[in-house]
Amino acid sequence: MAAPTPRITRVYGAVNVGSFRVSAMIMGEAEGGEMVVLGSSHRASEGIKRGYVTDMRAASHSIRTAVEKAEANANTSISSVWIGCAGAGLSSRISSVEIAIGGRRIEEDDIEHLLHAARDHLHPDGRMVLHAQPAHYMLDGAHGVANPKGLHAEALGVDVHVTFAEGAPVRNLIEAVQGAHLEVEGVVASPLATAYACLSAEERDLGVALVEIGAQVTNVSVHAAGMLLGLRSIPVGSNDITDALASSLGIRRSQAERLKCVSGSAIATPTDHREMIPVDGPGDKPDGRLARGADEQNRIPRADLVGTVTDRLGVMSGEIAKALKALGFGGSQGGQVVLTGGGAELHGIADFMQGALGQPVRIGKPPALQGLPEAHATPGFATLAGLCLYAAEDPVDIRSVGSNYQSTSRYSGFGLVNRVVQAVREYF
């Protein structure tokens, strides 16, 4: 007998608008604090390319359809959602701010003053601030303090992680969701949401890189000391493998996608040259055209498929390695890498990336949540689940803190650079 659904006290809605699919989830928070998936769904994406809205009407229709399916599965309706942002030129930096305390005990008002003061140092330079979150606090220059309330110090400081995006693409994404008759609770950078689903608290504390391989965008982020230290967006994804297969074999994209998902692999085997793979799927009607290198039954050697897949993965891994190096995580300074996103579902990709990057690699997927369908308990839906988990935690954003201004001193120039280098050295 199935376990009874616990009493739900709050409901969260999430929409992840990807270049390959649009997915929606409705998650409830039970009286005991556990999270329960009430309904989820997905459909093919329309009007989205490399994370950007290219057709407002088509994008809104995709979002509305996905949400309506999730509502039907959940037997409830929602009026607002949290949305993930994977494109829009995501970037980030860490700012450090400090105020004088004078040796007395730190009160809640002092923390509010500090966070309010930090708002004056965001400096978006024409970009949109998606997040401005306090990562950890410093007492007299010693950082790593989770909660300074009740402690004594001469000076109280904070590291604030600020995530930026291009304003116009984010506004287009918001309007596409509003066009689907939904309110937007918040826009969450995909690496932040995905980390809530894929990374343990210990990993985020010790240091880990999260690589989310989407259809057309790959986000690389580095987490340590419980905070996101930096991120890079790369305009490549699993669709590049599909396109390479379609081009090299002279077949349709739909055929190439099926070949990649059903028979593709990132690892070659000695039997690949002898194994023949049918290009036509079970529902395809043969049109007389044969794939390049195919036999009379339109079958290709598996070696041809694997060779094209690994060639494209080689290019992708090179770009990922560059991003990790730029974030201070590559080579001997590296550590655990977690692959997620739809592209992480390719057979053998963890072993391939481990060899290419020279770092330990594992696959990240959503946690075991009550009610989560097996089809959505995969890397491709990690961001979607993470959006609901992020919404439930509702982390502090310094822009929502209201208090009186208190004079500050700010690390800048080499001072800020040294703070970031110090954090990188300590955790990597």
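**Aromatic cluster, sheet and cysteines**

Arginine 204 is placed over the face of tyrosine 196, at 4.8 Å from the ring centre. The model in which this arrangement is found is a predicted one. Tyrosine 196 is buried, as is tyrosine 390, and ring pairs join these two residues with Trp82 into a cluster.

Across the whole structure, the search returns two aromatic pairs. In one of these, tryptophan 82 and tyrosine 390 meet edge-to-face, with 6.0 Å from centre to centre and 70° between the planes. Because tryptophan 82 belongs to strand β6 (residues 80–85) and tyrosine 390 to helix α10 (residues 382–393), this pair ties together parts that are 308 residues apart in sequence. Tryptophan 82 and tyrosine 390 are both buried. The ring centres of tyrosine 196 and tyrosine 390 lie 5.3 Å apart and their planes stand at 75°, so this pair is edge-to-face. Here too distant parts of the chain are linked, since tyrosine 196 is located in helix α4 (residues 190–198) and tyrosine 390 in helix α10, 194 residues apart.

Strand β6, which carries tryptophan 82, is part of an open sheet of five strands with mixed pairing, arranged in the order β3-β2-β1-β6-β11. The edges are occupied by β3 (35–44) and β11 (183–189), each of which has a single partner strand, so that one side of each is left without a neighbour in the sheet. On average, and with direction ignored, neighbouring strands of this sheet are turned by 20° against each other. Strands β6 and β11 run parallel and are joined by six bridges, and valine 81 is found opposite valine 184 in β11.

Helix α1 (residues 56–74) lies across β1 (8–17), β2 (21–30) and β3, and runs at about 140° to β3. Helix α10, which contributes tyrosine 390 to the aromatic pairs, likewise packs on the sheet, where it touches β1, β2, β3, β6 and β11, and its direction makes about 140° with that of β1.

With regard to the cysteines, the structure holds zero disulfides. Cysteine 198 takes part in none, the nearest cysteine sulfur being that of cysteine 388, 14 Å away; cysteine 198 is buried, with a relative accessible area of 6%. For cysteine 261, the closest cysteine sulfur is that of cysteine 198, and the separation of 19 Å is too far for a bond, because a disulfide requires the two sulfur atoms to lie within 2.5 Å. Cysteine 261 is exposed, with a relative accessible area of 55%.

Methods:
Residues are numbered from 1 along each chain as its sequence is written. This is a predicted model: local features need pLDDT of at least 70, side-chain atom pairs count only at pLDDT 80 or more; totals for chains, interfaces and linings use all residues. Side-chain values use heavy atoms; hydrogens and water are left out. Buried means under 20% relative accessible area, exposed over 50%, partly exposed in between (1.4 Å probe, protein chains only). Rings of Phe, Tyr and Trp (its six-membered ring) pair if their centres lie within 6.5 Å; planes under 30 degrees apart count as stacked, over 60 as edge-to-face and the rest as tilted. Helices (H or I, at least four residues) and strands (E, at least two) are DSSP runs, numbered from the N terminus. A charge sits over a ring if NZ of Lys or CZ of Arg is within 6 Å of the ring centre and within 35 degrees of the ring normal. Two strands pair if DSSP finds at least two bridges between them. Axes are lines fitted to C-alpha atoms, for helices over the stretch in contact, and angles run from 0 to 180 degrees between N-to-C directions. Contact means heavy atoms within 4.5 Å.
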